[in-house]
Amino acid sequence: MNSMTKTAPSQPTFRQSPHCDARPADTVVSVLVIHNISLPAGQFAPNPEQHAYVDDLFMGTLDTTAEPGFTDLAGLKVSAHCVIWRDGRVFQYVPFAKRAWHAGVSQFDGRERCNDFSIGIELEGTDNLPYTDAQYQSLIMLTKQIMQFYPAITPQRIIGHSDIAPGRKTDPGPAFDWARYQTAIKEFTL
């Protein structure tokens with residue numbers, strides 16, 4: 001589960017981001033954080049295997065002169081464990097055993113530095129555009145695998161980026177159908 005290096009329809013495409021490091025010793029991974037991302041904002045990659053600015057960002061190769069607004073991203077070192085593209089394909093950037101740099105300044109259940117004890121999943125999208133059926137299907141299956149491997153992640157410990165960084169972050173936003181997602185994950189946690 002932690003390596004997921006095969007490329008097949010049922011397996012994520014593995015891309016090793018340099019933006020990760022070891023979790024603190026004896027860390028129990030206990031939170032799953034749902035995010036959204038699009039670069040440029042509101043634009044989606046038609047074929048992320050050929051080119052995607054989000055991929056470039058997570059790989060540390062983003063040309064910050066390519067689009068207006070990218071200059072703000074110069075020097076940014078960020079990653080997520082996985083990205084789920086609009087068509088449901090999953091790219092894994094950081095092995096789950098390692099710490100991805102997705103949460104930033106954050107707090108959950110009285111603990112700061114959520115990157116230490118969480119897994120971050122990015123959905124290609126925006127706060128206000130509906131996510132695709134394929135994305136929900138992939139997210140549900142990925143969540144099931146993660147929860148089986150990390151039993152401390154319970155439905156109550158699956159949250160949005162906005163929950164751990166209120167006022168600073170808004171994703172996955174009002175377009176994310178929490179009821180649909182939570183109903184689906186409850187089916188395999190009963």
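**A walk through the fold, starting at a proline**

Pro-172 sits in the loop between helix H3 (161-164) and H4, where helices (DSSP runs of H or I, at least four residues) and strands (DSSP runs of E, at least two residues) are numbered from the N terminus. The structure is a predicted model, in which local features need pLDDT of at least 70 and side-chain atom pairs count only at pLDDT 80 or more, whereas totals for chains, interfaces and linings use all residues. Residues are numbered from 1 along each chain as its sequence is written, and side-chain values use heavy atoms, with hydrogens and water left out.

The bond that precedes Pro-172 deserves a look, since a cis peptide bond joins Asp-171 to Pro-172, with omega about 10°. Another cis bond runs from Leu-39 to Pro-40, with omega near -15°, and Pro-40 is placed in the loop between E3 and helix H1 (53-59). As background, most peptide bonds are trans, and most residues other than glycine have a negative phi.

The backbone angle phi also draws attention to Asp-109 and Arg-113. Asp-109, which is not a glycine, has a positive phi of about 55° and lies in the loop between strand E7 (107-108) and strand E8 (111-112). Asp-109 is exposed, with a relative accessible area of 63%, on a scale where buried means under 20% relative accessible area, exposed over 50% and partly exposed in between (1.4 Å probe, protein chains only). Arg-113 likewise is not a glycine and has a positive phi, here about 60°; its place is in the loop between E8 and E9, and it counts as exposed at 51% relative accessibility.

From these loops one can step back to the chain as a whole, which has four helices and ten strands and, read along the sequence, follows the pattern β-β-β-α-β-β-β-β-β-β-α-β-α-α. The radius of gyration of the protein chain is 15 Å, close to the 16 Å that the globule rule gives for 190 residues, so the chain is as compact as a globular protein of that length; the radius is taken over C-alpha atoms, and the rule is 2.2 Å times the number of residues to the power 0.38. Along its principal axes the C-alpha trace spans about 50 × 35 × 35 Å, and buried residues make up 50% of the 190 residues. Of the contacts (heavy atoms within 4.5 Å) with a separation of 6 or more, 70% are between residues 24 or more positions apart.

Among the strands, six form an open sheet in the order E1-E5-E4-E9-E3-E10, with mixed pairing, two strands being paired if DSSP finds at least two bridges between them. Its edge strands are E1 (13-14) and E10 (158-160), each of which pairs on one side only. At the E1 edge, two bridges join E1 to strand E5 (residues 90-92), the two running parallel, and Phe-14 stands opposite Gln-92 in E5.

Helices cross this sheet. Helix H2 (residues 133-149) lies across strand E3 (31-37), strand E4 (82-84), E5, strand E9 (118-124) and E10, running at about 170° to E9. Helix H4 (residues 178-187) lies across E3 and E10, at about 165° to E10. For these angles, axes are lines fitted to C-alpha atoms, for helices over the stretch in contact, and the angles run from 0 to 180 degrees between N-to-C directions.

Side chains of opposite charge can pair when their charged atoms come close. A search of the whole structure finds eight salt bridges, each being a side-chain nitrogen of Lys or Arg within 4 Å of a carboxyl oxygen of Asp or Glu. One of them joins Arg-180 to Asp-133, with the closest N and O atoms 3.0 Å apart; this pair links distant parts of the chain, Arg-180 being in helix H4 and Asp-133 in helix H2, 47 residues apart. Arg-180 is partly exposed at 33% relative accessible area, and Asp-133 is partly exposed at 48%.

Arg-89 forms a salt bridge with Glu-49, their closest N and O atoms being 2.8 Å apart. Arg-89 lies in the loop between E4 and E5 and Glu-49 in the loop between E3 and H1, so the pair ties together parts that are 40 residues apart in sequence. Arg-89 counts as partly exposed at 23% relative accessibility, as does Glu-49 at 48%.

Finally, the path returns to Arg-113, which forms a salt bridge with Asp-116, the closest N and O atoms lying 3.3 Å apart. Asp-116 is buried, with a relative accessible area of 10%, whereas Arg-113 is exposed at 51%. Both belong to a network of salt bridges that links Asp-21, Arg-99, Arg-113 and Asp-116.
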